[in-house]
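Subject: Structure handover

Hello,

Here is the structure I promised to pass on. Please open it alongside this message.

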There are 2 protein chains.
Amino acid sequence: MPAGAAERFALSASWVIPVEPAAAVLKDHSIVVERDRILEVLPSTELKQRYPDIDHQDMPGHALLPGLINMHAHSAMALMRGLADDLQLSVWLNDHIWPAEQRWMGPEYVHDGTQLAILEYLRGGITLFNDSYFFPDVTAAVASQSGMRACIGLPLINFPTAWAQHTDEYIGRGLEVHQSFKGDQLISTAFAPHAPYTVDDDSFLRIRKLAEEMDVPIHLHLLETAGEVTDSEREHGLAPLARMQKLNLLDTRLLAVHMTALSDADIDTVARHGVNVVHCPESNLKLASGICPVAKLLAAGVNVSVGTDSAASNNDLDLLGEVRTAALLAKGFSGDPEAVPASTALAMITINAARALGREEQLGSLLPGKQADICAVDLSAPETQPIHNVISHLIYATSRQQVRHVWVAGKQLLKDREPLTLNVDQIVSNARRWQQRVGTDYAAQA
Amino acid sequence: MPAGAAERFALSASWVIPVEPAAAVLKDHSIVVERDRILEVLPSTELKQRYPDIDHQDMPGHALLPGLINMHAHSAMALMRGLADDLQLSVWLNDHIWPAEQRWMGPEYVHDGTQLAILEYLRGGITLFNDSYFFPDVTAAVASQSGMRACIGLPLINFPTAWAQHTDEYIGRGLEVHQSFKGDQLISTAFAPHAPYTVDDDSFLRIRKLAEEMDVPIHLHLLETAGEVTDSEREHGLAPLARMQKLNLLDTRLLAVHMTALSDADIDTVARHGVNVVHCPESNLKLASGICPVAKLLAAGVNVSVGTDSAASNNDLDLLGEVRTAALLAKGFSGDPEAVPASTALAMITINAARALGREEQLGSLLPGKQADICAVDLSAPETQPIHNVISHLIYATSRQQVRHVWVAGKQLLKDREPLTLNVDQIVSNARRWQQRVGTDYAAQA
């Protein structure tokens with residue numbers, strides 16, 4: 001019986017990186033999985049005595065880590081990868097991204113784009129994505145069918161789209177999605193009001209009340225650029241953070257994405273309220289939005305996790321690469337080479353993310369009782385030799401192409417880099433069809 | 001006969017990116033190679049008529065680019081990858097890197113480390129590296145035996161090492177290396193005085209004179225940190241750039257590496273003298289050295305290229321990843337998302353580098369008459385779908401694992417990611433032996 005199909009099975013590797021306790025490296029250890037959970041982590045020498053008949057996959061040269069958690073995604077936008085780059089934000093949005101969305105965004109687009117993104121996520125060790133996009137019913141269905149874990153944002157924005165026309169409809173359709181995936185072990189939901197500059201006070205208040213009742217997070221773009229501060233002060237008489245505070249939105253339920261334009265006083269406010277910060281360094285750099293002061297936030301005790309943002313502004317969905325950029329940028333931006341050491345970086349894409357979603361009891365580390373969301377990374381490539389330090393290599397030297405196997409809830413979804421629940425040829429062929437439809441064929445230009 | 005073995009052969013691909021003219025994308029084109037040179041670039045539809053019997057390799061879904069040029073390397077230090085991270089520069093150097101070098105650096109170390117680096121270079125599309133390290137005779141021999149192109153730095157530093165004891169010996173041994181590789185088509189040399197803070201005026205003057213006579217570049221660490229400015233002012237009464245100007249070193253022969261602490265007046269000086277700047281963004285970020293003002297330098301007309309620096313401070317030797325970081329960082333640091341667009345980034349790792357080495361007539365683009373240094377990148381992976389813009393994808397979405405084939409001087413060195421002139425098992429096994437010797441076994445720590 002192949003590993004992953006048994007009620008109980010074991011994964012053995014040269015290194016197990018449990019993430020809790022921080023910086024631990026367990027050499028020659030095994031993880032025993034029972035159904036969807038981790039039963040035990042133990043030295044491989046003890047495995048055969050303790051579990052003599054267990055179905056067992058040995059992975060020499062590999063490291064096992066918790067599945068990675070991508071905390072800010074617009075998955076379907078994978079179809080717009082490289083559609084427009086190297087442009088001012090307003091030109092990029094107004095002349096490229098929004099017209100393309102206006103024209104094409106719908107259930108089929110979201111289906112095909114999300115499948116492409118999930119394929120990329122799995123091949124990069126990502127086992128959960130926190131999404132914010134239209135047609136969340138389609139995103140949730142695609143994730144669930146793929147065996148992928150997702151936190152599905154229920155969108156709200158103060159203008160009409162193909163998904164909904166006004167606040168009532170956004171909320172109503174969102175609640176329907178929440179309801180219809182309530183029994184799905186892999187799918188959770190969050191409210192996803194777009195941003196302070198596109199959502200009115202009344203809508204925020206309704207969402208806050210519902211999020212409390214339903215006990216779900218609120219996933220919000222906040223302070224992506226410094227320009228938002230002056231705009232908000234003009235329009236509302238308050239900076240965005242002060243406005244969110246007035247609306248009682250600053251608490252542990254909030255997933256505040258970007259957070260580039262933060263004063264020291266703002267950092268104190270964020271820390272005091274237990275707001276979760278989601279850092280998207282590559283998108284922020286590429287659009288020249290600003291830089292999130294990650295070293296200061298961590299020093300203030302803020303829970304910081306990482307997201308790729310969409311492929312339209314990144315342009316890959318590579319969380320391992322993203323946190324590498326985060327670790328490097330934090331050092332360069334703070335002037336302190338000790339900022340965001342490798343083990344902290346690894347926590348940012350695993351346990352910190354689980355904590356932000358209120359799910360640190362189930363996800364984000366390889367502790368007994370937690371969900372068996374695991375990825376196996378092959379460190380035997382020349383690019384990661386010699387191996388003086390495994391965690392350093394995972395953050396600073398390993399590329400996501402070294403992810404070989406992925407399990408979600410004890411079920412293997414990627415095996416030797418091939419997805420077991422997705423049809424690669426179909427997904428790539430769909431993407432090519434959308435390329436013809438959506439894009440000016442830049443590739444054909446000489 | 002396999003492609004690469006014939007006197008003449010052709011490479012056909014979905015896209016040829018010649019780099020000259022800038023931003024050009026030639027769809028469905030072929031490159032005809034004759035011996036070590038590019039004979040012609042033409043539409044693939046014309047290939048069969050013009051060259052009916054030519055040995056021909058078709059690569060649908062691939063892009064052909066000029067081989068990438070890594071402009072700042074200490075290749076042998078690949079053996080120290082991940083030995084020490086997340087530390088203050090002084091601690092990193094004094095307590096980790098220098099003691100390890102003091103203990104182990106010698107011909108065998110340089111041989112094994114350089115082989116490991118060259119394997120990584122080839123698997124990442126790099127066809128030329130500009131090196132600065134001790135035992136350059138060994139580095140040159142390893143490169144030449146691998147079929148790899150290299151510009152070998154002849155080191156000089158004002159303290160004794162296993163390579164040489166004093167200026168006379170550094171220069172003498174350097175000249176011997178230059179002399180003994182004079183007939184080697186793949187090997188060129190440069191003087192590599194370490195840095196203004198480790199080399200005295202007299203040595204710089206001797207090097208300048210010799211470099212002019214021999215017509216070779218001078219490869220120098222310059223302004224890696226702001227601290228160097230104050231130190232130099234105290235010791236020499238001049239900032240490093242002013243001191244180099246006084247010593248007549250500021251000209252097109254100079255490859256000035258790092259260049260983080262530059263005022264606007266400095267940028268003007270650099271531009272006026274035609275100094276070549278080599279940008280190492282990831283090393284600079286990781287060590288929190290400072291940030292090179294690439295957007296301003298390019299705007300001033302300075303020739304900017306890119307280097308990985310060593311694996312001890314990066315920790316990969318991934319030039320495609322490095323220039324992606326350079327393109328993103330330039331936007332974020334300048335606040336201008338139009339800074340360093342994708343085609344400029346591609347020029348920085350190809351033609352700009354060739355120009356810095358004074359070899360733009362032979363290298364750095366796919367023009368007839370130039371050396372056939374070519375890499376083939378497979379864009380058919382899901383991670384680079386859909387393909388709205390090939391050059392955007394190469395810079396922002398492609399990882400080096402998508403490099404499938406590499407040719408240097410018309411000879412294939414990498415085929416389906418396997419090196420044809422290097423023994424992977426031997427190289428990895430050597431690296432593991434050095435891991436035991438050099439490193440505290442961090443990997444064994446729980």
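Below is what was found, from the whole chain down to two helices. Please keep in mind that this is a predicted model.

**Chain A overall**

Chain A carries 16 helices and 16 strands. Its radius of gyration is 21 Å, and the globule rule gives 22 Å for 446 residues, so chain A is as compact as a globular protein of that length. Along the principal axes, its C-alpha atoms fill a box of roughly 70 × 50 × 50 Å. Buried residues make up 62% of the 446 in chain A. Contacts reach across the sequence too. Take those in chain A between residues at least 6 apart: 72% of them join residues at least 24 apart.

**How the two chains relate**

Two copies of a chain are related by a rotation about an axis and a shift along it. Here, chain B superposes on chain A after a rotation of 180°, with 0.0 Å of shift along the axis. The RMSD is 0.0 Å. That is the relation of a two-fold axis. Which C-alpha of chain B is nearest the axis? It is that of B:Gln401, 3.5 Å from the axis. Both copies use the same surface: 100% of the contact residues of chain B recur in chain A.

**Helix H6 of chain A**

H6(A) covers residues 201-214, 14 residues in total. From first C-alpha to last it reaches 20 Å, close to the 20 Å expected at 1.5 Å a residue. Which residues of H6(A) are buried? They are A:Ser203, A:Phe204, A:Ile207, A:Arg208 and A:Ala211. These cover an arc of only 135° around the axis, which puts them on the same side of H6(A). The spacing fits a general rule. An α-helix has 3.6 residues a turn, so residues three or four places apart point the same way.

The buried residues of H6(A) pack against four elements of chain A:

- strand E7 (149-156)
- helix H5 (167-180)
- strand E8 (187-193)
- strand E9 (218-222)

On the other side of H6(A), A:Asp202, A:Lys209 and A:Glu213 are exposed. Just after the helix, A:Asp215 takes a positive phi of about 55°.

**Helix H3 of chain B**

H3(B) runs over residues 107-123. Its 17 residues should span 24 Å at 1.5 Å a residue, and its end C-alpha atoms are 24 Å apart, which agrees. H3(B) is mostly covered, with 14 of its 17 residues buried. B:Gly125 follows H3(B), with a positive phi near 85°.

Best wishes

Conventions
Residues numbered from 1 in each chain as written. Chains lettered and ligands numbered in written order. Predicted model: local features only at pLDDT ≥ 70, side-chain atom pairs only at ≥ 80, totals over all residues. Helix = DSSP H or I, 4+ residues; strand = E, 2+ residues; numbered from the N terminus. Expected span 1.5 Å × (residues − 1). Buried ≥ 20, exposed ≤ 12 C-beta atoms within 10 Å, placed from the backbone. Arc of directions from axis to C-beta. Contact = placed C-beta atoms within 7 Å. Least-squares fit on C-alpha atoms with pLDDT ≥ 70 in both. Rg over C-alpha atoms; globule rule 2.2 N^0.38 Å.
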